[in-house]
Amino acid sequence: MDLTVLGCSAACPVADNPASGYLIHHEGTWVWCDAGSGTFLALLDEVDPDDLDAVVISHVHADHCIDLFALYGYLEHGPGSGGPLPVFVPSQATEHLAAFARAGADHRFRQVLAFSEVGDGDATTVGGITLRFATAAHPVPALTVRFEAGDRSLVYSGDTGPGAGLEVLAPGADVLLCEATLQGPGAARDYPFHLTAEEAGAIAADAAVDRLILTHIGPTLDPRRSVAEAAGPYGRVPELARPGAVFTI
Ligand SMILES: [Zn+2]
Ligand SMILES: [Zn+2]
């Protein structure tokens, strides 16, 4: 199983780095996980959107979902085949996204993109990849996702604060792709819906994951400091997501 980073900038795209988006590939199965600003163009460099087998949108913040509308345009009005393409979203997300598209009950948006709302304990199989879902700690309904292929596993935190689904899905994972939006001591911060790098390192250590990849680092922060802060509790130097990077799970 391979993980390709399409973009990993928190909150907004910046020069040379789209917002959040990842492509998971295993033996001909393609899953696009998060469609932040700028990731659709990056996706086109990797795979024909018609070859996608599923999409996962972790939550409806724009830095994770807005390029889903680019995909819809491609499939319905562009060169694409018109779907239907399975799209896994958290609770309430279908109507939220459909409202932006002004898509009533019979609108093609809901046929081209075949939405399924998932949450704690839900699982599905897409080609050779099993996806397991849990609820993240975020101000809107949000997902943490575990991808399994054979005996290999990748957990993506999505946007989350401490606790919640990440502590359910991360244990024993081969790779944890974990948000580290913040820096500094967790106890000193006033926002409970993201992780500090130190917290990401502690979660990875508690879950005994083989590899920790930090992502979704605040765009004004120095990622070298995030690496140093996570390395303390993790006990090893974590890796950094960067656009275009490919990680073999
Ligand atoms: Zn985000
Ligand atoms: Zn968010």
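Donors are taken here as N, O and S atoms within 2.8 Å of the metal, and because water is not among the atoms, sites may look incomplete. In this predicted model, the donors of the zinc ion (ligand 2) are spaced along the chain as H-x1-H-x76-H-x20-D. Within this series, His59 lies in the loop between S4 and H2 and His138 in the loop between strand S8 (129–135) and strand S9 (143–149), so that, at 79 residues apart, the pair links distant parts of the chain. Both histidines are buried, His59 with a relative accessible area of 0% and His138 with one of 9%.

The protein atoms that serve as donors to the zinc ion (ligand 2) are NE2 of His59, ND1 of His61, NE2 of His138 and OD of Asp159, at distances of 2.1 to 2.4 Å. The arrangement of these four donor atoms is irregular, because the angles that they subtend around the zinc ion (ligand 2) run from 92 to 165 degrees. Asp159 coordinates both this ion and the zinc ion (ligand 1), the two being 3.6 Å apart.

Ser58 is located in the loop that runs between strand S4 (54–56) and helix H2 (62–65), and its side chain is joined to that of the zinc donor His59 by a polar contact of 2.9 Å. Ser58 is itself buried, its relative accessible area being 0%. When its neighbours within four places in sequence are set aside, Ser58 is found in contact with Asp34, His64, Pro90, Pro141, Ala142, Leu143, Tyr156 and Gly158.

Definitions and conventions. Residues are numbered from 1 along each chain as its sequence is written. Chains are lettered from A and ligands numbered from 1 in the order in which they are written. This is a predicted model: local features need pLDDT of at least 70, side-chain atom pairs count only at pLDDT 80 or more; totals for chains, interfaces and linings use all residues. Side-chain values use heavy atoms; hydrogens and water are left out. Helices (H or I, at least four residues) and strands (E, at least two) are DSSP runs, numbered from the N terminus. Buried means under 20% relative accessible area, exposed over 50%, partly exposed in between (1.4 Å probe, protein chains only). A polar contact is a pair of N or O atoms within 3.5 Å; within protein, one must be able to donate a hydrogen and the other to accept it, and residues adjacent in sequence count only if both atoms are side-chain atoms. Contact means heavy atoms within 4.5 Å. Donors are N, O and S atoms within 2.8 Å of the metal (3.2 Å for Na, K and Ca); water is not among the atoms, so sites may look incomplete. Four donors count as tetrahedral if all angles lie between 85 and 135 degrees; four count as square planar and six as octahedral if opposite donors are over 155 degrees apart and all others between 65 and 115; anything else is irregular.
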